[in-house]
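Welcome! Here is a short guided walk through one protein model, meant for someone meeting it for the first time. Please have a look at the structure below before reading on.

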Amino acid sequence: MMAAEYGVLHDETQARAMSQLVAQCFLAKPEDCDEYLDRIGRDRFRILSDGSQVRGGLALLPMAQWWHGNLVPMTGIAAVGVAPEYRGSGTAIALIRHMLRELYDQQTPLSVLYPATQRLYRKAGYEQAGSQCRWEVPLAQIHIQERSLPWFSLEPTAEILTPLYRQKAQIHNGHLDRASAIWVEILRSKPEEMLHAYGVGAPDSPQGYLLFTQKDNPSGATLHVRDWVALTPAAGRSLWSFAANHRSQVHHLRVPGGLTDPLLLLLPEQTARLASSISWMLRLVHVPRALEQRGYPALLETELHLEIRDEVLPENQGRFTLAIAHGSGTVTPGGSGALKIDIRGLSALYAGHATPYALHQIGLLDGDGESLAIASQIFATSPAWMPDFF
């Protein structure tokens, strides 16, 4: 069998093959996949191929992610697919390894993906790091009627919405600094699914917005929220009231969020039902840059001595000292290596998804009591989540 070559889409034949592969792997229409390649950008796709035969491919989405108040560069991975005749041959893990090498050479701190299977990505050093949920609330059970703020029709453009979204995103761990392709998907209106957009507060200084579509179902019409932002308590209560006022024709509200979405706390009763939940996975690609660009507790001043295992990117292996002061981290080679940790464990710890004690329990971390206590203080943070799927 000819050796496979990793690289960008070279020509129209490879682009057509990648589009067909995405359609087959994700049960999509071929014309939708052609549009998807164009929306992401063909230069963002990477393939393993031998000539015109595409064995597997994926898409790279350069973005950034908020971690403890700091924006850390991150590349999202999407549309990972392998042709059926090459499945089970090692194509998938080879594709991921090549991609990680490319990202490391670019000094990319982080990578995030939604897994179809965790085993593959765990082999490459990814681990669960945050949640993406869909909540459902019967409109008749919202029980909020506050109308302290006016609502107005809004032009749904990324230029208008991004400043408001960023004010929300920067206080939630794991939220994206959205790529243009993410915004395009959020703002897309289809003939059978019209997008409605409203702002809350004064038009020249809005306190939030709501983007939604409406669908009729056998169980009753549903208001599907694409995106929502409430920057003040009054905006949050007005948002719930605005949704509740659709109850004469709509039965349920379905909204993206996280397991700890603060807007759910505004509901007087526990009427929100978790309709679906999935964990996304994170990997530290360039360990020193990832640790130095993350935010940390402002009043903490300490050192953590790490010994890291990373079989895919050996440059990350070895001993490092993470010094914390004034909310920032500095990484230097060396140290005692008192806290021994696998790259998967470090990814979950970085995100605050698992405590050092939990990681020690499952064998992804080993260290003395003092090191575990220091790591707990350094990486103490609210659970990570994001409303976006890619």
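In which sense do β11 and strand β12 (residues 252–257) pair, and over how many bridges? They pair in the parallel sense, over three bridges. Please keep in mind that this is a predicted model.

**Around strand β11**

Let us stay with this strand for a moment. One of the pairs that face each other here is histidine 224, which stands opposite arginine 254 in β12. Together, β11, helix α7 (residues 233–244) and β12 make a right-handed β-α-β unit.

β11 has another partner too: strand β10 (residues 205–215) pairs with β11 in the antiparallel sense over eight bridges. Here glutamine 214 stands opposite leucine 223 in β11. β10 and β11 form a hairpin with six residues between them, and glycine 220 in the turn has a positive phi of about 125 degrees. Seven of the nine residues of β11 (residues 222–230) are buried, so this strand is largely enclosed by the rest of the structure.

**A five-stranded sheet**

Next comes an open sheet of five strands, in the order β16-β15-β14-β17-β18, with mixed pairing. Its edge strands are β16 (328–333) and β18 (365–366), each of which pairs on one side only. Strand β17 (residues 339–342) and β18 pair in the antiparallel sense over two bridges. In that pairing, lysine 340 has aspartate 366 in β18 as its bridge partner.

Helix α11 (residues 369–378) packs on the sheet and touches β14, β15 (318–325), β17 and β18. The direction of α11 makes about 105 degrees with that of β14. Helix α9 (residues 343–350) lies across β14 (302–309) and β17, running at about 100 degrees to β17.

**The two sides of α11**

Which residues of α11 are buried? They are Ser371, Leu372, Ile374, Ala375 and Ile378. Seen down the axis of α11, these buried residues fall within an arc of 160 degrees, so they line one face of the helix. Their cover includes β14, β15, β17, α10 (356–361) and β18. The face turned away from the buried side of α11 carries the exposed residues Gly369 and Glu370.

**Two residues with positive phi**

Two residues that are not glycines deserve a look, and the table sets them side by side.

| Residue | Phi | Location | Relative accessibility |
|---|---|---|---|
| Alanine 79 | about 55 degrees | strand β4 (residues 70–82) | 14%, buried |
| Histidine 326 | about 55 degrees | loop between β15 and β16 | 71%, exposed |

Why does alanine 79 count as buried? Its relative accessibility is 14%, and buried means under 20%. Histidine 326, at 71% relative accessibility, counts as exposed, for which the cut-off is over 50%.

**The nonpolar cores**

Finally, let us look inside. In soluble globular proteins, nonpolar side chains tend to be buried together. In this model, the largest nonpolar core has 83 residues, and those with the most contacts inside it are Leu284, Leu291 and Phe390. Leaving aside its neighbours within four places in sequence, leucine 291 is in contact with Leu284, Tyr296, Leu306, Leu322, Val331, Tyr350 and Phe379. Apart from the largest core lies another core, of 23 residues, among them Leu210, Trp240, Val250 and Val255.

Key:
Residues numbered from 1 in each chain as written. Predicted model: local features only at pLDDT ≥ 70, side-chain atom pairs only at ≥ 80, totals over all residues. Heavy atoms only, no water. Pairing = 2+ DSSP bridges. Helix = DSSP H or I, 4+ residues; strand = E, 2+ residues; numbered from the N terminus. Contact = heavy atoms within 4.5 Å. Axes fitted to C-alpha atoms, helices over the stretch in contact; angles between N-to-C directions. Buried < 20%, exposed > 50% of the residue type's maximum accessible area, 1.4 Å probe, protein only. Right-handed = clockwise from strand over helix to strand, strands pointing away. Arc of directions from axis to C-beta. Core = buried A, V, L, I, M, F, W, Y, C linked by side-chain atoms within 4.5 Å.
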